[in-house]
Amino acid sequence: MNISSDTKVYVVIGDPIEHSLSPLMHNLAFQRLNLNSVYLAFKVKAQNLREAIAGLRSLNVLGFNVTVPHKVSIMKYLDEVDMQAIEIGAVNTVVNQDEMLIGYNTDGIGALAALKEEGVALKGLKVMLLGAGGAAKAIAFSILPLINHLVILNRTEQKAKDLALSLKERLGSEVEWRKMEEATLHEELVDTDLLINATSIGMYPKIDETPVNKIYLHQEMMVFDVVYNPLMTRLLKEAKESGANIVGGVKMLVYQGASAFKLWTGKKPPIYEMCAAVENYLRGN
Ligand code: NAP
């Protein structure tokens, strides 16, 4: 890569940021498309967010990703926020368009693209969504218009209720919510077509954890785990052993990144190469 005075700069901001896979994906895409651009990761503490945004703006950084803990707090520093990001209540991508900072959320798009690639037809499905945090909100808003029945389960029941009520208010659809506990999982999973884990349960380093007891998994269901490290979570492994079809979180990660890349450059990145690079990295190759 030849860095020059024309090189365009893109970044991701968050804390922690050391394990972000975004630089790997985006720099690969810039190289393959022969774009004179570079993508860096900046650790930005919560109390420094305002100054960091002012700096990115004045240095004319053309686009950036936003991760934990800034996805919500960044919204007040932007000039515009896309409607879907407003509904979700979080931004993960910012475009600097003629010095206007515009916020988007590409997580839901990433999840839908990952499911589509695996051939999941969402129409008419009963979906159980585990979690009510940032990833769950993005998925819920994207998926709800396409499915038949959504049940949200969360450890903190109030958050599941808040999400269900905001979905009803914004999209006009009825959504059930319940506390995430063994009895509820047992009852609801019997006729669930698609189970989505959007909690952080099973994520590295706690890879022996799983949100659902294996005895409730069955071959009539599809299981989508948004956790991408490890590639094969305990939930996915046990779902596969139970005869269910599975979708891992890496596809969502790559597709949400691809969607951000397209917003910044107008170009489609090499998705399969990005996916292979991330998978290789996570396998330790
Ligand atoms: P978040 O906003 O902090 O939400 C975390 C969710 O997990 C909450 O619903 C929380 O429940 C639940 N949770 C955490 N630990 C739990 C436990 N021990 N038992 C029961 N529930 C628990 O986080 P997020 O941004 O949504 O991220 C969630 C996961 O998705 C992470 O693993 C992240 O890496 C992954 N993710 C993947 C992608 C992708 O592209 N594949 C994109 C975004 C996020 P409470 O509300 O009760 O605390």
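**Entry 1: polar contacts of the ligand**

I began with the ligand and found that a backbone N or O atom of Ala132 lies 3.0 Å from one of the ligand's oxygen atoms. I note at once that this is a predicted model, and that the distances I write down here are computed from it. Looking next at side chains, I found an N or O atom of the Lys159 side chain 3.0 Å from an oxygen atom of the ligand. I then turned to Ser200, where a polar backbone atom is 3.4 Å from an oxygen atom of the ligand. Both the Ser200 pair, at 3.4 Å, and the Lys159 pair, at 3.0 Å, fall under the cut-off I used for a polar contact, which is a pair of N or O atoms within 3.5 Å.

I also looked up how much of the ligand is covered: on its own it has 920 Å² of accessible area, and the protein covers 76% of this.

**Entry 2: the pocket and the shell**

Where does the ligand sit? I found it in the largest pocket. Two elements, α5 (134–143) and α9 (249–265), each give two or more residues to the shell around the ligand, and α9 provides the largest share with three residues.

I counted 21 residues around the ligand, and I listed Ala135, Asn154, Arg155, Thr156 and Met203 as the closest. Sorting the shell by class, I have 10 nonpolar residues, eight polar ones and three charged ones.

**Entry 3: the chain as a whole**

I stepped back to the protein chain and recorded 10 helices and 12 strands. Its radius of gyration is 19 Å, close to the 19 Å that the globule rule gives for 285 residues, so I describe the chain as being as compact as a globular protein of that length. I also took the extent of the C-alpha trace along its principal axes, which is about 60 × 45 × 35 Å.

**Entry 4: backbone details in the loops**

Which peptide bonds did I write down as cis? One is the bond from Val68 to Pro69, with omega near 10°, and I placed Pro69 in the loop that runs between β3 (63–66) and β4 (80–81). Another is the bond from Asn229 to Pro230, again with omega near 10°, and here Pro230 belongs to the loop between β11 (222–225) and α8 (234–241).

Last, I checked Asn60, a residue other than glycine whose phi is nevertheless positive, near 55°. I located Asn60 in the loop between α2 (49–58) and β3.

Definitions and conventions. Residues are numbered from 1 along each chain as its sequence is written. This is a predicted model: local features need pLDDT of at least 70, side-chain atom pairs count only at pLDDT 80 or more; totals for chains, interfaces and linings use all residues. Side-chain values use heavy atoms; hydrogens and water are left out. A residue is near a molecule or strand if one of its heavy atoms lies within 4 Å of it. A polar contact is a pair of N or O atoms within 3.5 Å; within protein, one must be able to donate a hydrogen and the other to accept it, and residues adjacent in sequence count only if both atoms are side-chain atoms. Accessible areas come from the Shrake-Rupley method with a 1.4 Å probe; for residues, only the protein chains shown count as cover. On a 1 Å grid over the protein atoms alone, a cavity is a set of points where a 1.4 Å probe fits but cannot get out, and a pocket is an open set with protein on both sides within 12 Å along at least five of seven lines; lining residues have an atom within 4 Å of a point. A molecule sits in a cavity or pocket if more than half of its atoms lie within 2 Å of its grid points. Helices (H or I, at least four residues) and strands (E, at least two) are DSSP runs, numbered from the N terminus. Ala, Val, Leu, Ile, Met, Phe, Trp, Tyr, Cys and Pro count as nonpolar, Asp, Glu, Lys and Arg as charged, and the others, Gly among them, as polar. The radius of gyration is taken over C-alpha atoms; the globule rule is 2.2 Å times the number of residues to the power 0.38.
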